[in-house]
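Colleague: I am new to this structure and would like a close look at one part of it. Please describe the shell around ligand 1, and then set that shell in the context of the rest of the chain.

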Amino acid sequence: MLRLAIQKSGRLSEDSLNLIRECGISFLSASYKLKTEATNFPLEILYLRDDDIPGYVQDGVADLGIVGQNVLVEAGFPGLEVEGLGFSKCRLSLAVPRAAAYDSIEDLQGVNIATSYPQILGQYLTERGVKANLHTISGSVEIAPSIGLAEAICDIVSSGSTLLGNGLREVETVFRSEAVLIANQNLSAEKKELLEQLQFRMQAVRRARR
Ligand code: PRT
Ligand code: ZN
């Protein structure tokens, strides 16, 4: 039986569950449950915090997972990706206060930047020869400039309205992301076969949606 980890409650949850259902897989879902078994496919679904999913799949606690590429790459396991799923598209961007002068990435030399993505941002800045002071915070990154914690931020953007509402403007796109299917790298032959069946169905669903 395959074990698939998905986000328990958040932006990925509904689309992840819908994709599994559209693959013709039936299961009872109750919001208080931490796992559930499909009734017509050898699949068990685990409901987890999204940040925990890459590690669980890497360690083999779960065979498969659905998670944002941003979380996967930040966790340091980009090699687990099997395929993009086309939903939860967003970008990780650098932003500065609307009135702040900004011409190029060089303007971030020595600047304090608040982010929840120190790994991805750190690599992006290093590749461009920029040394900044990264302050890792886990949430409400957008308010960092207004409370004096940082002069710039790097956070997930989708419509851009959160940045706008906090008086910030987007100046660089650091990383583009979507939800991805990930898999443990040492699956048994039986599990690999099941994964192929699942991927086949997922691809059919995506073709039908277009
Ligand atoms: O509880 P758990 O840890 O499981 O969930 P979480 O709170 O860490 O994650 P969640 O549910 O907020 O997001 C899950 C994934 O959805 C992210 O890792 C991204 O891959 C993807 N995603 C897509 C987004 C957004 N769009 C998004 N807009 N994640 C977060 N946001 C936030 C962003 O942080 C910012 O605060 O929405 C705000 C910006 O949105 P706009 O539309 O105003 O630009
Ligand atoms: Zn999270």
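Modeller: By class, the shell around ligand 1 holds 11 polar residues, along with five nonpolar and five charged ones. The model is a predicted one, and what follows should be read with that in mind.

There are 21 residues around the ligand, and those that come nearest to ligand 1 are G10, G68, S158, S159 and T162. Three elements each give two or more residues to the shell: α3 (69-74), β9 (152-157) and α5 (161-165). Of the elements, β9 has the largest share, with three residues.

The shell also has to be placed in the chain as a whole. The chain is divided into domain 1, which covers 2-88 and 179-209, and domain 2, which covers 90-177. Each of these two domains supplies at least three residues to the shell around ligand 1.

Next comes the relation between the domains. Taken over C-alpha atoms, the centres of domain 1 and domain 2 are 30 Å apart. Contact between them involves seven residues of domain 1 and eight of domain 2. On the domain 1 side, α3 gives the most, with four residues. That helix is also among the elements that give two or more residues to the shell around ligand 1. The domain 1 side of this contact has five polar residues, one nonpolar and one charged.

That leaves the sheet. This is an open sheet of six strands with mixed pairing, in the order β2-β3-β1-β4-β11-β5. The edges are β2 (35-37) and β5 (81-84); each has a single partner strand, so one side of each is left without a neighbour in the sheet. From one strand to the next, the twist averages 25°. At the β2 edge, β2 pairs with β3 (residues 43-48) in the antiparallel sense, over three bridges. One residue pair can be named there: T36 has I45 in β3 as its bridge partner.

Helix α1 (residues 13-22) packs on this sheet and touches β1 (2-7), β4 (64-68) and β11 (179-183). The direction of α1 makes about 150° with that of β1. A second helix, α6 (residues 189-209), lies across β1, β4, β5 and β11, and runs at about 50° to β1. To return to the ligand, G68, one of the residues that come nearest to ligand 1, falls within the span of β4 (64-68).

How values were computed
Residues are numbered from 1 along each chain as its sequence is written. Chains are lettered from A and ligands numbered from 1 in the order in which they are written. This is a predicted model: local features need pLDDT of at least 70, side-chain atom pairs count only at pLDDT 80 or more; totals for chains, interfaces and linings use all residues. A residue is near a molecule or strand if its C-beta atom, placed from the backbone, lies within 6 Å of it. Ala, Val, Leu, Ile, Met, Phe, Trp, Tyr, Cys and Pro count as nonpolar, Asp, Glu, Lys and Arg as charged, and the others, Gly among them, as polar. Domain bounds come from an automatic or database domain assignment. Two residues are in contact if their C-beta atoms, placed from the backbone, lie within 7 Å. Two strands pair if DSSP finds at least two bridges between them. Axes are lines fitted to C-alpha atoms, for helices over the stretch in contact, and angles run from 0 to 180 degrees between N-to-C directions.
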